[in-house]
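Here are my notes, as promised, in the order I'd flick through the structure. Have it open while you read.

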Amino acid sequence: MELVPDLIRHDTSFGFLDKSGAAEKLFNPLLVSNHESNTMYKTILEELRRSKSFTFSVAFVSPDAIASLKQPLIEFQGRGRGRIITSTYLGFNSPASFRELANLADIGIEVLVYENGRQGFHPKGFIFEQEHGTTAIVGSSNLTSLALKRNHEWNLRFSALPGGDIVEQLSQTIDTQLAASTPLTEEWIRHYEEQYVPPRASQSVSGVLFPGAGELSQIRPNTMQAEALEEIAKVRASGEKKALVVSATGTGKTILAALDVKAVDPERVLFVVHREQILDRAIEEFSKVLNLTSADIGKFVGARKELNRRFVFATVQSLGTLEKLHSISRDYFDYILVDEVHRAGATMHQSIIGYFEPDFMLGITATPERTDDFNVYSLFDYNVPYEIRLQKALEADMLAPFHYYGVTDFEVDGEVISDATKLSTLVAPDRVNHLLKAIETYGHVGDAVRGLMFCSRKDEAIELSSMLNQREIHGRRLRTRTLTGDDPVPVREAVVSQLETGDLDYIITVDVFNEGIDIRTVNQVVMLRQTQSSIIFTQQLGRGLRKAAGKSHLIVIDFIGNYANNFLVPIALFGDSSLNKDSIRKKMIEAQDVGAVSGLSSINFDAIAKERIFRSIATTRLDSLKNLQQSFRDLHTRLGRPPLLIDYARFDVVDPVVIAGAKGNYWNLLNSFNVGEEVPTPAEDKALTFISSEFLNGKRPHELLLLQHLIETRSSTSEIGLRRILESAGASADQATIASLERVFNLEFFTEGDQKKYGSPIIEWSQERIAFTSEFGRSLDESPMFSDHVKDVVDTGLFLSRHRYQWDRQLEVGKKYSRKDVCRLLNWKSDQKGTMYGYKVDVYSNSCPIFVTYHKDDEVSASTSYEDSFLSENTLRWFTRSKRTLQSKEVQAIVGNHIPLYLFAKKDDAEGTDFYYLGQATSSKPEQTKMPGDGGKRLDVVTMNLNLESPIELALYDYLTTGPALSDEEQVSQSTVEPEDQGRKLHSEQYIDDEPSTTLF
């Protein structure tokens, strides 16, 4: 690898002088505009990872931006060498902002306040010192979440060497600011607090509204509510009398219902809820929207039976008995709303829904999924005009953004906390210290805490509350109360009221607040329990997502132990129900890379917690028959019919590739679920398995486009016609690809085992005529079930291909491919995955894919354990097979760059057979050397640099190069090592091959 000064020179020349020149693109000038993934937040994370010190000079800072950067600042390698300079300019920085900044001192960040009263302070500069140079980002972004992630901004990133004039200018400017600045202290903050005057709510700076501004109206519909109202109106206009709206907790379900009532303007309205506490809030919100007076409102609860009002609010318990129902005429109400309708499996709910005959009935719920197989959707005739799920609501700014921290749970004598842990350990002083340390690090400082803590057991909650009430955080005595299912409703209400008024800091509970409680001011959720269900996790998270005046964000602190079901955490956080491990891993990696998920929210894990999550994903069986059957039932319930593969894709639930692959093809899986009586013939089974196994993943659309054409036209085409089909769809149509398609469809490409599994070819191929074989065509014509399944696979494969891949590329950087995929997509004559292993030079396709597995099993022999290692995000120091020299033909082809090199990598074998594609590479600096062999022998080997065209995304780089899943003892040991000492060792997947195969040079 080049020295860093040379990299900076070349990258700077590339950016400012000549873009045709060679460049590593690690230090090139970059305009950061917050367009798509090109965000200031991501750029700051990247620079923090490779710097030894930094200075942020920014006029405005918001607490939520500090929260989103907290974990990256904790992990910053140059501990004690970071500082932030800000000011009191225009009063934007509130006392809460300064308290959050002051709390960074505990992680080694110095904060200073510019106090030159004669001059306004308005800079937006981020300066990073590396070992051999300086990188600066200067532009329009302040240190606020919107400016870092969403606002359209212009920020220029550039790098310079120590002798550069711009480095001196930056240094002098910082020195000038430091001379006019004072350290941020508690005394300074108290003085500022005494004289602080908040700016007017209508005033804004850099496109960011000041705190308290821009709250959503409680009367006008937001964008998503307006869309929902329009869709509900369409259902009504079509003559339907029922509809179900799925709307995430905190997104204004009751407001939405009231707005729809306002649009319909019915004579009599009934609103049904399951608890009286919710009734009063519903009345309050209906009154806001509809300007109701007390004369309009009636209650049907307890002794009150006020049916003679236009709007009647009733509890299920008061209304749901047959005696009560029969005292009211069936058509008494024109419009009925049923809240929390996922509870409708109960007898009283069903009695109410089944008895009344209104002009229209609307059901609303956040969680229609049930575990008792009751079909909520059927009660509303499968009419679901609109769904507002959690991630969608966060992206639309309907909820308060959250900043999630997955932190390592407490361990005692090597034992990680679990639900079976003894009470004495759960509430041991050391565990309480561990809890308090995490809250002090990640929790609110500037704003008063209104928190919920979820524990695993009642006795733990009670004892923990008692111990916390004797402790302090930030010099202030904690005030907590315990609530369990044993506490009566009046007690719960009183304790909740204490939290809302600020008389309590935390309510400690088990599962009391999973749903049905509305505490808008909750700004902190602490999870001290194992995640048993992604639904419950989401419900508990949702307790703090409602917006409230003065609340900018929610903090979530989740203590992650060494649990087998840690994989449920990312499933819940990302709303990923695909049952696809690669999909979940990808979202985890992207969250660390982009820095923002679902709007302005962020997700962070400390190093050990992150490895525990990845290990749990690797070791769990997501695609078990039980999980697949439950997913099938859920979607069947949603649709009112057995789902097709395309339904799984459209509703973004289980990955169709996963569910179809469980039994070879989806028809077989349905039969295993006892759905339908018809079964495929052996030939149909093999043909459907062939299409499903090879094409459904959509990694290449060409085969699917051909199948689609032949199915729709029921006629033949030619190679010339096929080219037109592919070109019109935007897919490549070169002769090598056409030849590859022929080999795939005549099964010549496949191994003997695959040929036996797939049976006979389904297409007859000649240059003039490409058509279905007579047997396959006859099956399509004579078996509607077979024809439907084939069409479903083709339609779904094209859907996935359009949404996951770009059709004008063979391989896409960042996507995952198996060796078999690579052979097909690079147009090899045959699938050579069995003999490819680490790499293979293929003359026919003029390509050489290289596969690297970083962390090999201990059983790997010395002669195949290669000490490959990344020198940077651009460069891999790589070893050929053993027993190779610079004179070996295959080595000459690689070191001479006579053939394109395609680099693939995976972290370890626990990931499965697929590898991340890192991009095309060129070789440099070859060197013949020796490596250890079995029995103490020394074997010839060639090592060289493989230089990628573009650097690997840093989050993927960090994921690949950090250690494999470790035991708890190993993880604890690793956590004490300084980051710069951990190294970047990896291993390529090679094998000994004394005689090169016939496809090698």
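**Notes on the model**

1. Let's begin with Phe360, which sits in strand 17, the stretch covering residues 360–365. Bear in mind throughout that this is a predicted model. Is Phe360 buried or exposed? Its relative accessibility is 2%, and the cut-off for buried is under 20%, so Phe360 counts as buried. If you want a long-range reference point, try Glu231: it is 129 residues away from Phe360 along the chain, and the two C-alpha atoms are 14 Å apart.

2. Next, Ile353, which you'll find in helix 13 (residues 347–355). Ile353 is another buried residue, because its relative accessibility comes to 3%. Its C-alpha lies 9.0 Å from that of Ile336, with their positions 17 residues apart in sequence.

3. Now for a loop residue. Thr321 belongs to the loop that links helix 11 (316–319) and helix 12 (322–326). With a relative accessible area of 29%, Thr321 is partly exposed; that label applies because the value falls between the 20% and 50% cut-offs. How far apart are the C-alpha atoms of Thr321 and Met348? They are separated by 6.5 Å, although 27 residues lie along the chain from one to the other.

4. Pro932 gives you a pair on another scale. This proline is in strand 37, which covers residues 915–932, and it is partly exposed at 44% relative accessible area. Glu75 is 857 residues from Pro932 along the chain, and 36 Å separates their C-alpha atoms.

5. Two backbone angles deserve a look. As background, most residues other than glycine have a negative phi. Asp381 has a phi near 55°, a positive value in a non-glycine residue. Where is Asp381 found? It is in the loop between helix 14 (376–379) and strand 18 (386–388), and it counts as partly exposed, with 40% relative accessibility.

6. Arg714 is the other one to check. Its phi is near 50°, again positive in a residue that is not glycine. Arg714 lies in the loop that connects helix 29 with helix 30, and its relative accessibility of 39% puts it in the partly exposed class.

7. While you're there, look at the two helices on either side of that loop. Helix 29 (residues 702–713) packs on helix 30 (residues 719–728) at an angle of about 115°, and their axes are 10 Å apart. That angle is why helix 29 is described as roughly perpendicular to helix 30. Helix 29 passes helix 30 in a right-handed crossing.

8. Set that beside another helix pair. The axes of helix 22 (residues 581–594) and helix 23 (residues 607–619) come within 10 Å and cross at roughly 165°. Helix 22 is therefore roughly antiparallel to helix 23, given that angles over 145 degrees count that way. The crossing of helix 22 past helix 23 is left-handed.

9. On to the empty space. How many cavities of 30 Å³ or more does the structure hold? There are four. The largest has a volume of about 70 Å³. Its lining is made up of Met527, Arg529, Gln530, Thr531, Gln532, Ser533, Ile536, Phe537, Gln540 and Asp558. Which element gives the most to that lining? Helix 20 (residues 534–542) does, with three residues. Sorted by class, the lining has five polar, three nonpolar and two charged residues.

10. Last point: the second largest cavity, with a volume of about 40 Å³. The residues lining this one are Arg529, Gln530, Thr531, Asp558, Phe559, Ile560, Gly561, Tyr563, Asn566 and Val569. Arg529, Gln530, Thr531 and Asp558 appear in the linings of both cavities. Strand 28 (residues 554–560) contributes the largest share of the lining of the second largest cavity, three residues. By class, that lining has four nonpolar, four polar and two charged residues.

How values were computed:
Residues numbered from 1 in each chain as written. Predicted model: local features only at pLDDT ≥ 70, side-chain atom pairs only at ≥ 80, totals over all residues. Heavy atoms only, no water. 1 Å grid on protein atoms, 1.4 Å probe; cavity = no way out; pocket = protein on both sides within 12 Å on 5 of 7 lines; lining within 4 Å. Points joined across faces, edges and corners; volume = space filled by probe spheres on them. Helix = DSSP H or I, 4+ residues; strand = E, 2+ residues; numbered from the N terminus. Nonpolar A, V, L, I, M, F, W, Y, C, P; charged D, E, K, R; others polar. Buried < 20%, exposed > 50% of the residue type's maximum accessible area, 1.4 Å probe, protein only. Axes fitted to C-alpha atoms, helices over the stretch in contact; angles between N-to-C directions. Parallel < 35°, antiparallel > 145°, perpendicular 65-115°, else oblique. Left-handed = near helix turned anticlockwise from the far one by under 90°.
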